[in-house]
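Subject: Structure for your files

Hello,

Here is the structure you will be working from. My notes on it follow below.

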Amino acid sequence: MAYPDDQLGEGEQVLLHRHPHWKLLVGPLFVLVVVLAGAGFLAVLTESLAWRTPARAALAVIGGVLLLWLVLTPLLRWRTTHFVVTSHRLMIREGVFTRSGVHIPLGRINSVRSRRGLLDRLLGSGTLIVESASDEPLEFDDIPEVDRVQSLLYGAVEEEPDDRYPDGR
């Protein structure tokens with residue numbers, strides 16, 4: 001998927017485009033099952049009540065708000081978060097209503113590291129740490145195939161000419 005076509009410069013190509021790891025969707029999926037099962041169970045319990053219609057309407061409203069807040073919002077956040085490596089830069093864009101992003105030219109990247117805990121190693125994800133000309137290293141959590149991304153980014157940084165020294169020093 002060539003997400004940032006409108007963001008690409010002349011001759012720039014997308015090398016990698018990822019969303020955060022799917023493990024971020026496990027919690028919302030669990031909430032979806034619990035809310036639907038709980039609403040169904042409570043709807044059955046209200047069957048014998050004289051005021052079952054308002055009770056079911058309240059269940060529907062509460063269930064809808066919970067699904068919107070605890071399922072749809074994380075899903076949209078996951079879907080609208082993009083980690084993109086191009087032939088010229090690293091781009092991170094996120095946000096549903098308010099978009100924010102970081103663009104780092106490959107020539108400004110000093111080092112690329114990764115950190116993976118036990119669960120990350122089992123699921124094939126991790127944290128990518130990019131040190132550039134900025135004060136603090138930037139950490140990007142839940143990157144799928146973080147070792148592959150690190151290698152690709154390191155290779156792209158090595159191929160990119162260093163624009164800090166135009167005469168090649």
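I start with helix α2, residues 52-79. This helix has 28 residues and reaches 38 Å from its first C-alpha to its last, close to the 40 Å expected at 1.5 Å a residue. At leucine 68, α2 bends by about 35°. Its buried residues are Ala55, Leu59, Gly63, Val71 and Trp78, and they pack against α1 (26-45). Please keep in mind throughout that this is a predicted model.

Overall layout

The chain comes to four helices and seven strands. Starting from the N terminus, the elements run β-α-α-β-β-β-β-α-β-β-α. Along the principal axes, the C-alpha trace spans about 85 × 35 × 30 Å. The radius of gyration is 22 Å, whereas a compact globule of 169 residues would have one near 15 Å. Of the 169 residues, 30% count as buried. Taking contacts between residues at least 6 apart in sequence, 53% join residues at least 24 apart.

Helix α4

Helix α4 covers residues 146-159. With 14 residues at 1.5 Å each, α4 should span 20 Å, and its end C-alpha atoms are indeed 20 Å apart. Which residues of α4 are buried? They are Val146, Val149, Leu153, Ala156 and Val157. Viewed down the axis of α4, the buried residues fall within an arc of 100°, so they line one face of the helix. Ser151, Glu158 and Glu159, on the other side of α4, are exposed. The cover over the buried residues of α4 includes β1, β2 (82-86), β3 (89-94), β5, β6 (125-132) and β7.

Salt bridges

The count of salt bridges comes to nine. Three of them are described here.

Arginine 18 forms a salt bridge with glutamate 145, with the closest N and O atoms 2.7 Å apart. This pair links distant parts of the chain: arginine 18 lies in strand β1 (residues 14-18) and glutamate 145 in the loop between β7 (138-144) and α4, 127 residues apart. Both ends are partly exposed: arginine 18 has a relative accessible area of 21%, and glutamate 145 has 39%. The cut-off for buried is under 20%, so arginine 18, at 21%, counts as partly exposed.

Glutamate 145 also meets arginine 148 in a salt bridge between their side chains (3.6 Å, N to O). Arginine 148 is partly exposed as well, with a relative accessible area of 45%. Arg18, Glu145 and Arg148 are thus linked in a network of salt bridges.

The third pair is arginine 116 with aspartate 147, where the closest N and O atoms are 2.4 Å apart. Here too distant parts of the chain are linked: arginine 116 is in the loop between β5 (109-115) and α3 (118-123), aspartate 147 is in helix α4, and the two are 31 residues apart. Arginine 116 is partly exposed at 26% relative accessible area, and aspartate 147 counts as partly exposed at 36%.

When you open the file, two places to look up are the bend of α2 at leucine 68 and the network of Arg18, Glu145 and Arg148.

Regards

Key. Residues are numbered from 1 along each chain as its sequence is written. This is a predicted model: local features need pLDDT of at least 70, side-chain atom pairs count only at pLDDT 80 or more; totals for chains, interfaces and linings use all residues. Side-chain values use heavy atoms; hydrogens and water are left out. A salt bridge is a side-chain nitrogen of Lys or Arg within 4 Å of a carboxyl oxygen of Asp or Glu. Buried means under 20% relative accessible area, exposed over 50%, partly exposed in between (1.4 Å probe, protein chains only). The expected span of a helix is 1.5 Å times one less than its number of residues. The arc is that of the directions from the helix axis to the C-beta atoms. Contact means heavy atoms within 4.5 Å. The bend at a residue is the angle between axes fitted to the seven residues ending there and the seven starting there. The radius of gyration is taken over C-alpha atoms; the globule rule is 2.2 Å times the number of residues to the power 0.38.
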